[in-house]
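Here are some notes to read alongside the structure, written for someone meeting it for the first time. Have a look at the picture, then work through the points in order.

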Amino acid sequence: GPPASGGAPGSCHEKSWSGSQYNWRQVIPLAIPVRAAVLFLCLILAACSTAPRGRSAASSVKPEAERKEAPDFSLKDGDGRTVKLSDYRGKVVLLNFWATWCGPCKLEIPWFTEFETNLKDRGFAVLGVSMDEDGWDVVKPFVARLGVNYRMLLGTDMVAQQYGGVDALPTSFLIDREGKIASTHVGLVSRRDYENDIQALLTTQ
């Protein structure tokens, strides 16, 4: 299987699942019966592939006074055009760092496509930032296959560092109309979590 690495539940790190911080090969004593070992492994894998449970349905948007400015950047889209985050000032922006090899990212993308369709007329936009090392050669066919309808950009290590390193994928930032980070989601969270935060930002500004 893929190497284990630490991270948020339902996230990927260095092309591997990182929902569990344990290396099951190390923590299962050889004396434990095989059946118990298999059950234990299944529990760990379940932690890798599901969203956190029991989260409040309320918005996780920070109060305006606690929000920090989202770092501006310039990145290229699939047509070679330069896109700046500041071009979207005045809109609520969902900034999603992702990669084609990231399993949880693939689950989120259809949600984001629907958000773009349903909310763009209310001043909302999704910006996808791919962290794929192989670039557009893998990104373009992937987004075409999924029918992605929002702006896709190719990320850089510099931009990732501006946003705290982006150690796990997916990592998403919801940015308010003033260009400030209102909420952050690391790893796979529920669609409802995104909807609550987006609606809070669209209705209060």
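1. Let's start with one side chain: does Phe-173 count as buried or exposed? At 6% relative accessibility, Phe-173 counts as buried, because anything under 20% falls in that class. Do keep in mind that this is a predicted model.

2. Now for the sheet. It is an open one with 6 strands, and the pairing is mixed. Reading across, you get E1-E8-E7-E4-E5-E6. The edges belong to strand E1 (68–69) and strand E6 (151–154); each has a single partner strand, so one side of each is left without a neighbour in the sheet.

3. Take one pair of strands from that order. Strand E7 covers residues 171–175 and strand E8 covers residues 180–186; the two run antiparallel, joined by 5 bridges. If you want a spot to look at, find Leu-174, whose bridge partner in E8 is Ser-183.

4. Next, helix H6, which spans residues 191–204. This helix lies across strand E4 (92–98), strand E5 (124–130), E7 and E8. Relative to E8, H6 runs at about 175°.

5. Back to the aromatics. The count comes to 7 aromatic pairs. One of them is Phe-97 with Phe-173, an edge-to-face pair with 6.1 Å centre to centre and 85° between the planes. Why does this pair tie together separate parts of the chain? Phe-97 lies in strand E4 and Phe-173 in strand E7, so the parts being tied together are 76 residues apart in sequence. Phe-97 is buried, with a relative accessible area of 0%, and Phe-173 is buried as well, at 6%. Both rings also belong to one aromatic cluster, formed by Phe-73, Phe-97, Tyr-163 and Phe-173.

6. What about disulfides? A search of the whole structure finds 1. The link joins Cys-102 to Cys-105, with 2.4 Å from S to S. That falls within the 2.5 Å cut-off, so the pair qualifies as a disulfide. With 80° about the S-S bond, the link of Cys-102 and Cys-105 is right-handed. Cys-102 and Cys-105 are both buried.

7. On to charges. Side chains of opposite charge can pair when their charged atoms come close. How many salt bridges does the structure hold? There are 8 salt bridges. Among them is the one between Arg-191 and Glu-114, whose closest N and O atoms are 2.9 Å apart. Here distant parts of the chain are linked: Arg-191 is in helix H6 and Glu-114 in helix H3 (residues 103–119), 77 residues apart. Arg-191 is partly exposed, at 24% relative accessible area, and Glu-114 is partly exposed too, at 37%.

8. Helix H6 has a salt bridge inside it as well. Glu-195 and Arg-192 meet through their side chains, at 3.6 Å from N to O. Both residues lie in H6, 3 residues apart, about one turn of the helix. Glu-195 is partly exposed, with a relative accessible area of 26%.

9. Last point: Asp-79 and Arg-81. Their salt bridge brings the closest N and O atoms to 2.9 Å apart. Asp-79 counts as exposed at 60% relative accessibility, whereas Arg-81 counts as partly exposed at 47%. Both take part in a network of salt bridges that links Asp-77, Asp-79, Arg-81 and Arg-151.

Terms used:
Residues numbered from 1 in each chain as written. Predicted model: local features only at pLDDT ≥ 70, side-chain atom pairs only at ≥ 80, totals over all residues. Heavy atoms only, no water. Buried < 20%, exposed > 50% of the residue type's maximum accessible area, 1.4 Å probe, protein only. Pairing = 2+ DSSP bridges. Helix = DSSP H or I, 4+ residues; strand = E, 2+ residues; numbered from the N terminus. Contact = heavy atoms within 4.5 Å. Axes fitted to C-alpha atoms, helices over the stretch in contact; angles between N-to-C directions. Phe/Tyr/Trp six-rings, centres within 6.5 Å; stacked < 30°, edge-to-face > 60°. Salt bridge = Lys/Arg side-chain N within 4 Å of Asp/Glu carboxyl O.
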